[in-house]
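Hi,

Here is the structure I promised to pass on. Have a look at it first, and then read my notes below.

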Protein chains: 4
Amino acid sequence: MPRSPEANEKLRDESRSRILSASLRLFAELGYERATIKAIAAEAGISQGLIYAHFTSKAELLRAIFAQSMADVRASFAAAEAADAPSARIEGLLRASSEILRRNADFWRLSYSLRMQPGVLQELGSGLDDWTQSIVETLEGFLREVGAPDPAVDAELLFALIDGMSQHYVLDPDDFPLEACIERAVDFYRALPKRPKRRMPA
Amino acid sequence: MPRSPEANEKLRDESRSRILSASLRLFAELGYERATIKAIAAEAGISQGLIYAHFTSKAELLRAIFAQSMADVRASFAAAEAADAPSARIEGLLRASSEILRRNADFWRLSYSLRMQPGVLQELGSGLDDWTQSIVETLEGFLREVGAPDPAVDAELLFALIDGMSQHYVLDPDDFPLEACIERAVDFYRALPKRPKRRMPA
Amino acid sequence: MPRSPEANEKLRDESRSRILSASLRLFAELGYERATIKAIAAEAGISQGLIYAHFTSKAELLRAIFAQSMADVRASFAAAEAADAPSARIEGLLRASSEILRRNADFWRLSYSLRMQPGVLQELGSGLDDWTQSIVETLEGFLREVGAPDPAVDAELLFALIDGMSQHYVLDPDDFPLEACIERAVDFYRALPKRPKRRMPA
Amino acid sequence: MPRSPEANEKLRDESRSRILSASLRLFAELGYERATIKAIAAEAGISQGLIYAHFTSKAELLRAIFAQSMADVRASFAAAEAADAPSARIEGLLRASSEILRRNADFWRLSYSLRMQPGVLQELGSGLDDWTQSIVETLEGFLREVGAPDPAVDAELLFALIDGMSQHYVLDPDDFPLEACIERAVDFYRALPKRPKRRMPA
DNA sequence: AATGAATGAGCCTTCATTCAT
DNA sequence: GATGAATGAAGGCTCATTCAT
């Protein structure tokens, strides 16, 4: 007598999510290339073959992880955007990143490690570029609202700042003072400087 | 008939530096794992075997690149530190990074791609951690000099900012407005905000 | 609640024959090695596991197909043999092959593809050799009856001819003029040449 | 001091031809699928990796074998065609096949085994179909010259006969009376029957 | 009788590394 | 110093087969 469809689905889902979380962990810890299918299977407590019953290839597995995590992250971002009054949006966003980071540290680690590897990146297919692009645009909108003198440049700067902090946190979560840095950044953006008159810098 | 010792040494040095620059280029472009010894040899215009006459392994080649480039970078930094009056040091440093980046873009690309891959990193041996540590300390000194309220945190923040900009530049040198961002950062640090009284943030 | 034994048996037979015809089709189309158990199950509309409830292995499945089809073919041959007067037996056999081929094209395709792969053949176990042997002997009998000068050689020749035509037909059923060739072969055998005196050929 | 270019070429050629002949042997003996790269390497007395220094893939290796052998065979055929007076061409061709077969028995075994496996065939790329096509056309020309009533059909018949004999020989070189069969076939074609008046066959 | 999740051996291929010259 | 042929240890992936239900 075959297993009931529900029992089957449960088994499958269980396997799938073990694979997914094992790979996220190992991809983040070792990097995509060094995280062996063999090692992933071991970490997930299953056989190598089973991975291919769920994902057609290692690259597919990477894509699945991204799809899953990016959906999660996107939701968090959207929540942050909607929540605040215009004047507080930047503060809101900065403070939100802290939680988003903590909740998906492994994903961010992986994502940052991939960003610098064009070879692997293209196995992932596009999506990441578009995404960062859209973040910059969002930031630019916020900064325009608060009267930044050159919102395009300020957006790049703010994004660089957030990205830099995120990476430093993710690299060393125990020692990097994430919250303190964020609060300090808030100070800076509250005192948003006007662009001064200036002679051409060399 | 044997070559003269000097001619030999010159040949050797020539080979060595071809290998080094070829690997730097390929490591940066493809990532450490995907840059094949075969491809490096081809790029350098020499045989695979010769690489092992100069470096005992691929990891050791990576180490050599780091040693060479870090020396170069350290020198640039030292110059920047010494050049300015205390009050202008932060500005000086920010502006200096632009040139340091442009001169060694490949090295930075590689370095950033490695930083997130502990697996590869440990083949590199320590050194990178110590180095970033020393940078943070230098920054902290600068910030203390200009009266930052919490130099330790401000140093982390400034380092994150520089690192973020550097990465964004290195990722897309043609589109990222590096100089404009740096100048804008200078604005922020000229207007260095005091830490305001504040109720505990949630 | 348990099914009645008869219903069970009917189900079982149904499954078995679906499996058999699905595998014959796929073995013929893709070759034994490339026809996956998974694909066979899909083609048969059943689960992979069920195949192993009927056959202990893929090789055993192949054996079953051969047993089934060879029985079928043997019957057709016997009918052809018995039907004609001695003088017309060769013609009868030639003409009969056409129908036998058309009826079991897939089996012949498979059979021809296997014949050249000793590796697979031995998984099949003996049987095919014996069978071709018996065909040659039958032909030899026919040819002796019609006064062939060297029935043994003529039998080999005739078998080769039939086999050659069969394969060419099976390879390209739409373009190969099977019936025309058979009729032409009949011409040749009606005019069965005497063996001429001859000097040793080099 | 590097090996001389000649020494290198000799080494390479030696390896290449060991690989080529080992694969031909194993492909012919076991079939393409069952002839493992591992087994081929062992048969050739070299490492698995070396095969890929000469051929980019297993399929490529197959292609190389075909290219090599087909050139050889084509030359033999051309020689046979040119050698004889029109009236003796068919005899000449029949007798030539014997030697062509004996010289490349393994290649023919392989070639016949592949012909029935569309999957593998297409990895080989086209060429085989064109080739058989051109053979049939050549035969048709010969038969027209000697006044065959329907050269197109007669060509198919003759080709089937040759192919049938070839296969039977190649399947069992020790027992199949190749020369005797060929001589007997010559008898048949010397006595080339006219097409008789005939009522429609059933 | 039947299912489909799960296994594990083995395949093709890549690549850092060695070695004879 | 330099070459390039050669090796061998994985790595990703497939597939016949088993097993709990």
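The surface near DNA strand E is made up of 14 nonpolar, 16 polar and 7 charged residues. Before you read too much into any of this, bear in mind that the model is predicted. Of the 37 residues around DNA strand E, the ones that come nearest are Met1(A), Ser15(A), Met1(D), Tyr52(D) and Lys58(D). On the DNA side, 68% of the strand E atoms that come within 4 Å of the protein are sugar and phosphate.

A few individual contacts to strand E to click on:

- Arg3(A) has a polar side-chain atom 3.3 Å from a base nitrogen of DNA strand E.
- Tyr52(B) has a side-chain N or O atom 2.8 Å from a phosphate oxygen of DNA strand E.
- Ser15(C) puts a polar side-chain atom 3.0 Å from a phosphate oxygen of DNA strand E.

As for which elements supply that surface, those giving two or more residues are α1 (5-30) and α3 (48-54) in chain A, α3 (48-54) in chain B, α1 (5-30) and α3 (48-54) in chain C, and α3 (48-54) in chain D.

Now for the other strand. There are 38 residues around DNA strand F, and Met1(A), Tyr52(A), Lys58(A), Met1(D) and Ser15(D) come nearest. Sugar or phosphate accounts for 67% of the strand F atoms within 4 Å of the protein, and bases for the rest. By class, the residues near DNA strand F are 15 nonpolar, 16 polar and 7 charged.

Some contacts to look at here too:

- Gln48(A) reaches a base: an N or O atom of its side chain is 3.2 Å from a base nitrogen of DNA strand F.
- Ser47(B) uses a polar backbone atom, 3.2 Å from a phosphate oxygen of DNA strand F.
- Ile37(C) also has a polar backbone atom by a phosphate oxygen of DNA strand F, at 2.8 Å.

The elements that give two or more residues to the strand F surface are α3 of chain A, α1 (5-30) and α3 of chain B, α3 of chain C, and α1 (5-30) and α3 of chain D.

On to the protein-protein side, where I looked at chains C and D. In this pair, 49 residues of chain C are in contact with 48 residues of chain D. Together they bury about 4400 Å², with 62% of that on carbon and sulfur atoms. I get 6 salt bridges between chain C and chain D. One of them joins Arg34(C) to Glu123(D), with the closest N and O atoms 2.8 Å apart. There are also 11 residue pairs in polar contact across this interface, counting pairs with both residues at pLDDT 80 or more.

Which elements of chain C give two or more residues to the side that touches chain D? They are α6 (105-115), α7 (118-124), α9 (151-171) and α10 (178-190). Of these, α9(C) gives the most, with 14 residues. That side of chain C has 26 nonpolar, 6 polar and 17 charged residues.

Last, the relation between chains A and B. Chain A can be laid on chain B with an RMSD of 0.4 Å, using a turn of 178° and a shift of 0.0 Å along the axis, which is the relation of a two-fold axis. Both copies use the same surface, as 94% of the contact residues of chain A recur in chain B.

Let me know what you make of it.

Cheers

Technical notes:
Residues numbered from 1 in each chain as written. Chains lettered and ligands numbered in written order. Predicted model: local features only at pLDDT ≥ 70, side-chain atom pairs only at ≥ 80, totals over all residues. Heavy atoms only, no water. Contact = heavy atoms within 4.5 Å. Buried area = accessible area lost by both parts, 1.4 Å probe. Salt bridge = Lys/Arg side-chain N within 4 Å of Asp/Glu carboxyl O. Polar contact = N/O pair within 3.5 Å; in protein donor to acceptor, adjacent residues only side chain to side chain. Helix = DSSP H or I, 4+ residues; strand = E, 2+ residues; numbered from the N terminus. Nonpolar A, V, L, I, M, F, W, Y, C, P; charged D, E, K, R; others polar. Near = heavy atom within 4 Å. Least-squares fit on C-alpha atoms with pLDDT ≥ 70 in both.
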